[in-house]
Each structure stands twice: as C-alpha cells, then as structure tokens.
Amino acid sequence: MVHIFVVDNVINALQNNSLAGVIFTLVSNSRYTSSPARATLLAEWSDLLEALTEDKSPISSSTTHFACNYHLRLLKTEICSLADKESGWHFSAENAREEQIEAFSIAKMAQQVRKQAPFTWDAIVISILLQSTNQHCNPFAAIMGLFLHSTAAPELVVEVLAHAGLSTSLTTIHKMVNSLSSNANVKLRELAKTCTAAFAYDNFDMDFKSYAPIIERPGITLQHATSALAFPLAHDVVPNDLKLSNELWESDPSNPQFQHLRHELGSPDTVMQIPVTKTTHIPCRAMDINSSTNDGQGQILQNLFCQANIGDPTDLPHVIDIREHVVLVHGDLGTGERLHGIKQSRSIERKEIRRLQSAIFVMGLFHLLMAAADAIWKMFIEPKELQQDPHGLFQHACRIRPHQTHNIKTKPGFRLMHDLIHQCGTARMLDIWETEIHKRNSSHTSLADFANSNPSWQDVVDLSLQIVRTYVDKPNEKDAVFRNSSLILARLLLYIELAHAMKHGDIGQVELTFMDWAFIFKTVSKHKYAAALVKTVNDLRYVYPPRLARAIRLNWLCNPTGKPDGFRAVDWLVELMNL
C-alpha cells in the first residue's frame with residue numbers, strides 16, 4: 001500500500017486533470033515507452049483489476065459489469081467472424097462435392113476455431129469439461145436424451161449427439177427411463193392403496209422391422225400391445241362408494257343366483273355438473289398383450305392389478321385387498337364387449353378376483369362422439385341421392401370446404417367431420433335467424449340490421465324459442481325441403497350439444513342425449529352402440545347404487561388442464577398418451 005501522503009501529493013499535482021486521462025496518456029503516448037512508471041503500471045495492471053473486482057471495493061460491481069460486457073462483445077465479434085463467408089466455414093449442401101466430405105476433419109476444425117476465436121473456444125471447452133466432470137451439470141442433455149428415446153431415434157443418432165455433448169448416452173437414457181418407470185410404479189401402488197383408483201387402457205401397434213426372417217421371427221413385424229393409465233377418483237368419492245362388488249354380483253345377469261328386481265332401484269338422477277378440478281393421472285407400464293381377445297382382456301386386468309399391487313391376499317399375501325371393491329375401467333366399445341365376454345366365461349370361478357367381478361366397464365365418451373359424427377355422415381352425406389340435393393348437408397359442407405370434396409364424399413376422418421358439423425350447424429342457424437327477423441320486420445334484411453336496432457335480451461330469448469319451435473325437428477311438415485332441413489339441423493344441434501356438454505363437464509346433459517343417439521345409431525345400423533347406450537342408461541339409473549352411479553358420472557370425464565372448458569373423455573387421454 002502507498003502512504004497516504006504520497007496519494008495526497010499526487011491529487012494535488014493533478015489539480016483539475018483526470019487520473020484516467022493521465023493513465024491513458026502514460027500507456028499510449030510513445031514518449032513514455034521507456035518510462036519506469038509505465039513499466040511498473042503494466043506489470044501491476046492485473047493486480048489492480050483483481051483488487052477492483054473484490055467485494056470490498058466500492059467499484060467492484062461496475063468493474064465486473066464492464067468486464068462481462070466486454071467479454072460478451074469479444075464473443076459476439078468472434079462468432080460473427082466465424083459465421084462470415086470469408087472464414088471458410090460455409091458449406092453448400094446443394095453443391096456438395098465428394099472431396100469436400102473427405103477433406104472434412106474435426107481436428108482441423110477445432111484448430112481453426114481455436115485460432116480464429118480463442119475466447120469462444122475457451123467457452124466451448126468449459127462447457128464440455130463441465131459435463132464430463134459432473135454429468136448432473138447438464139440437464140439439457142438429459143432432457144434431450146429422453147426426447148430422443150420418446151421419438152424412437154436411431155441409436156447411432158443418439159450416440160453422435162452424446163459425443164457432441166448434446167445428449168446423454170444410451171446407457172444413461174435407459175437408466176433414466178427405468179427410474180421414471182419405477183417412480184410411476186411407486187405412485188401407482190400408493191394410489192391403489194386408497195381403493196379409489198380407476199384404470200383406462202387402449203391398444204397400440206408397433207412395427208419391428210426384421211431384415212432377415214428366421215424361425216423365431218418369421219417376418220411378422222407388427223406387434224399388438226396395450227397402454228394404460230390410472231387416475232384417482234375425485235369429487236368426494238370415497239372407498240365405501242365403491243365397496244359394492246358383492247352387491248353388484250348379486251344382480252349381475254351372469255350370476256347363476258340372480259334374483260334382483262330392477263324396478264326397486266329408484267328413479268334416475270337429474271342433470272349433473274362435474275366440479276372443475278385438474279385431473280392427475282399416472283402412466284402404467286405398457287403391456288405386450290393383445291386386447292382384441294376376451295382372454296387378452298383378462299390378462300390386461302391381471303397385469304394392471306399386479307402393477308398396482310392390488311388383488312386377493314389369499315393368492316398373494318402382500319397385495320391390497322380389493323375383493324369387496326369395484327374398479328372402474330374406461331375403454332372403447334370393443335373393450336367393453338370383450339371384458340363382458342371374459343367375465344361371463346369366468347362367472348363359475350369361486351374367487352372374486354378370478355371372475356373379475358371387481359371390474360366395472362365405463363364406455364369411453366370420445367369413441368361415442370366419433371360414432372356420433374360417423375352416424376351423421378352415414379345419414380346425410382353417404383347416400384348418393386342426397387349428395388345431389390342443393391339443400392343437403394353434403395352440398396353445404398362442400399361449399400365450406402371446397403378443396404376437400406372427395407374426402408367428404410368418401411370417408412372423412414373424425415376431425416374433419418367434427419368441424420363440418422359445427423360449421424354447417426352454425427351457418428344454418430344464422431340463415432334461420434336472418435329469415436325469422438325479416439319475417440318480423442321487413443326492414444331488417446340482415447343480422448346487422450337487427451343488431452343495430454338494439455333488441456332487448458328478452459327479444460333475443462323469445463326469438464330463439466320461436467326458432468326452435470318452428471325450424472327444428474319437424475318430421476310431419478308437408479314441404480319436403482323444409483322437413484329435411486329441420487331434421488338435419490336437429491341432428492347437427494344434438495351433436496353440438498353432446499360435444500359442448502362433454503367439453504364443459506355437464507355429464508348430466510351428456511347422459512340425457514343417450515336415448516336420442518340410441519335411435520340414431522339404430523337408423524344407421526350401429527346396433528352395438530345403440531345397445532350399449534341403452535345398457536349404460538339402465539345401469540346408471542336402475543342397476544348401480546346411487547353412490548356408485550355418482551362416482552361413475554363425476555369421473556366419466558377428466559380435466560387435464562383444470563379449466564372450466566377443459567373436460568375431456570378419459571379414452572381421449574389414453575389415445576393422446578399413445579401418440
């Protein structure tokens with residue numbers, strides 16, 4: 001440290017001159033090149049900067065901020081220089097030549113980068129050393145590895161990215177997947193202990209390419225498997241609400257001792273709104289089981305019970321006893337049919353678990369919605385004679401989607417049909433509104449005129465009710481065009497009502513549409529769906545005890561986002577997990 005008197009003398013000598021200016025002149029002016037003071041300043045410059053960045057220094061923050069900004073400017077300059085065409089790193093894929101590929105060298109590239117951009121090179125080396133020193137310091141690589149695994153990226157691609165430091169190795173990825181699977185299994189068993197767990201599963205296909213068929217692999221590459229998930233029953237559903245296995249068995253038609261009187265079970269419930277809460281779900285381990293057979297359904301349930309550690313303690317002492325409880329199983333109609341088949345074939349078993357009496361099938365509403373959209377297509381679009389009707393649904397759909405006429409005529413997918421139903425239904429309703437308001441007031445030639453007249457809310461309500469009474473579902477009208485248009489509109493509105501009620505969790509309203517859809521499904525020869533809807537309504541109203549019916553209704557839809565309009569069918573969530 002310099003004595004304080006020396007500092008005072010220097011300050012007095014400076015008078016009104018800047019100390020920074022003196023230092024700059026001393027360093028840059030050639031007159032002082034051989035000055036001992038200049039040599040001493042340069043020799044002690046690094047010590048001065050170190051002292052200025054210490055925490056005790058009053059200018060530590062500004063000095064550190066300047067150094068960081070200066071270093072960033074250097075890195076930016078070097079990176080821009082490397083990206084410039086003159087740097088020699090540009091490669092035209094369209095004009096690639098064989099000698100360019102052969103001449104490429106990672107070692108040469110590293111040397112040139114180190115020479116042209118030394119500060120950038122240091123940053124790259126630090127990043128690589130950080131990962132190689134402690135792999136926990138690179139979460140990006142771990143997430144990238146998990147993403148590559150989920151998209152079935154080739155092992156060679158994963159290894160290349162791992163060597164580049166952008167992903168973890170295959171071994172690490174497999175360890176991470178095993179850890180996630182183990183944690184999910186622990187959560188699944190904890191959920192199953194509560195006896196309020198529901199399961200949902202669906203099939204998916206995997207195509208394993210076999211380059212050289214052998215006896216063990218005779219060229220059959222398509223494998224059928226099943227995915228599943230479990231989720232807790234919410235909205236105040238308690239284990240006692242599901243402790244009905246024996247009671248339901250007494251009234252089951254498959255039970256040889258069936259003596260139940262259905263008319264004593266009470267009256268149906270009213271419309272219900274599912275409370276808005278975010279649904280949690282736990283993915284189950286995928287099963288190498290074909291779900292398209294009755295026996296496969298039994299194996300799937302046994303596998304799910306094993307994963308959840310539930311069952312009959314007389315068979316396995318460590319499992320949670322669910323012999324007196326029922327388990328809700330969501331799935332498509334095929335799942336329900338085969339589950340019913342395996343339960344019938346096992347009805348003579350003595351043990352509850354072996355006859356699968358705990359499993360209660362819940363029809364997936366997403367597949368019901370798809371069947372409803374297909375029914376409308378079969379009813380109003382598929383018949384060739386209706387495709388020529390200028391007032392028919394096909395002509396209106398083609399006017400909305402002129403570039404998808406062929407798809408609409410042949411076999412449109414669910415998404416296209418779903419959108420067309422909403423769009424055509426909305427267009428028809430707007431056309432009816434315009435017609436009706438013109439009848440009431442000839443000066444109103446458009447909806448805009450009616451809106452500009454500032455109608456009251458009661459006027460809108462009255463007009464809406466009049467439109468429904470006049471234009472919707474009029475099968476006895478003599479005018480064929482009006483009659484057909486009213487029937488089409490009624491079916492479109494019924495579908496929109498079902499989709500809207502599902503999206504907003506109004507399960508009571510969903511249920512009220514079932515009988516209407518049962519008649520429609522009968523009309524288009526979807527007899528299995530018609531029978532399933534009738535059975536579902538009958539079970540909920542006359543077979544199941546009220547608390548079980550409540551548990552099914554309140555958990556028929558899930559809400560992955562926790563939003564008022566975020567309700568989705570459980571089988572939709574399983575399909576999403578299969579993507």
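**Warm-up**

What percentage of the 579 residues of the protein chain count as buried? The answer is 37%. Keep in mind that this is a predicted model. The secondary structure of the chain comes to 28 helices and nine strands. Among contacts between residues at least 6 apart in sequence, 65% join residues at least 24 apart.

**Exercise 1: A covered strand**

Task: Find out how many residues of strand β6 (residues 327-331) are buried, and describe its two faces.

Solution:
- Step 1. Five of the five residues of β6 are buried, and the strand is mostly covered.
- Step 2. In a regular strand, side chains alternate between the two faces of the sheet.
- Step 3. On one side of β6 you find Val-327, Val-329 and Gly-331, and on the other Leu-328 and His-330. Both faces are covered, since every one of these residues is buried.

**Exercise 2: The partner of β6**

Task: Determine in which sense β6 and strand β7 (residues 359-363) pair, and which residues stand opposite each other.

Solution:
- Step 1. The two strands pair in the parallel sense, over five bridges.
- Step 2. Leu-328 has Ile-360 of β7 as its bridge partner, and Val-329 stands opposite Phe-361.
- Step 3. Together with helix α15 (residues 333-345), β6 and β7 make a right-handed β-α-β unit.
- Step 4. Now look at the surroundings of β7: four of its five residues are buried, so the strand is largely enclosed by the rest of the structure.

**Exercise 3: Two unusual phi angles**

Task: Locate Asp-236 and Asp-473, then compare their phi values with the general trend.

Solution:
- Step 1. Start with the trend: most residues other than glycine have a negative phi.
- Step 2. Phi of Asp-236 is positive, near 70°. Asp-236 sits in the loop between β2 (222-232) and α12 (239-242).
- Step 3. Asp-473 also has a positive phi, near 55°. Its place is the loop between α22 (457-471) and α23 (480-503).
- Step 4. Is each residue exposed or partly exposed? The cut-off for exposed is over 50% relative accessible area. Asp-236 has 66%, so it is exposed. Asp-473 has 36%, so it counts as partly exposed.

**Exercise 4: Inside the nonpolar cores**

Task: Name the residues that touch the most other members of the largest nonpolar core, and the helix that gives this core its largest share.

Solution:
- Step 1. The largest core has 79 residues, and Leu-365, Tyr-495, Trp-517 and Phe-521 touch the most other members.
- Step 2. Helix α16 (residues 365-380) gives the largest share, with twelve residues.
- Step 3. Take Tyr-495 as an example. Leaving aside residues up to four places away in sequence, its contacts include Leu-369, Ile-376, Phe-414 and Trp-517.
- Step 4. There is also a second, separate core of 28 residues. Val-329, which you met in β6, is one of its members, and Tyr-201, Ile-289 and Leu-304 are included too.

**Exercise 5: Crossing helices**

Task: Work out how helix α20 (residues 414-440) lies relative to α22, and do likewise for α2 (residues 19-28) and α3 (residues 36-43).

Solution:
- Step 1. Two packed helices are described by the angle and the distance between their axes.
- Step 2. The axes of α20 and α22 come within 11 Å and cross at roughly 110°.
- Step 3. Angles from 65 to 115 degrees count as roughly perpendicular, and α20 and α22 are therefore roughly perpendicular to each other.
- Step 4. Among the residues making this contact are Trp-433 and Ile-437 of α20 and Leu-463 and Ile-467 of α22.
- Step 5. For α2 and α3, the axes come within 9 Å and cross at roughly 105°. These helices are therefore roughly perpendicular as well.
- Step 6. Ile-23, Leu-26 and Val-27 of α2 meet Ala-37, Arg-38, Leu-41 and Leu-42 of α3 in this contact.

**Exercise 6: A histidine in a helix**

Task: Describe where His-149 lies and what it touches.

Solution:
- Step 1. His-149 belongs to helix α9 (residues 139-150).
- Step 2. With a relative accessible area of 40%, His-149 is partly exposed.
- Step 3. Apart from residues up to four places away in sequence, it touches Ile-173 and Val-177.
- Step 4. His-149 and Val-177 are 28 residues apart in sequence, and their C-alpha atoms are 8.8 Å apart in space.

Methods:
Residues numbered from 1 in each chain as written. Predicted model: local features only at pLDDT ≥ 70, side-chain atom pairs only at ≥ 80, totals over all residues. Heavy atoms only, no water. Buried < 20%, exposed > 50% of the residue type's maximum accessible area, 1.4 Å probe, protein only. Pairing = 2+ DSSP bridges. Right-handed = clockwise from strand over helix to strand, strands pointing away. Core = buried A, V, L, I, M, F, W, Y, C linked by side-chain atoms within 4.5 Å. Contact = heavy atoms within 4.5 Å. Axes fitted to C-alpha atoms, helices over the stretch in contact; angles between N-to-C directions. Parallel < 35°, antiparallel > 145°, perpendicular 65-115°, else oblique.
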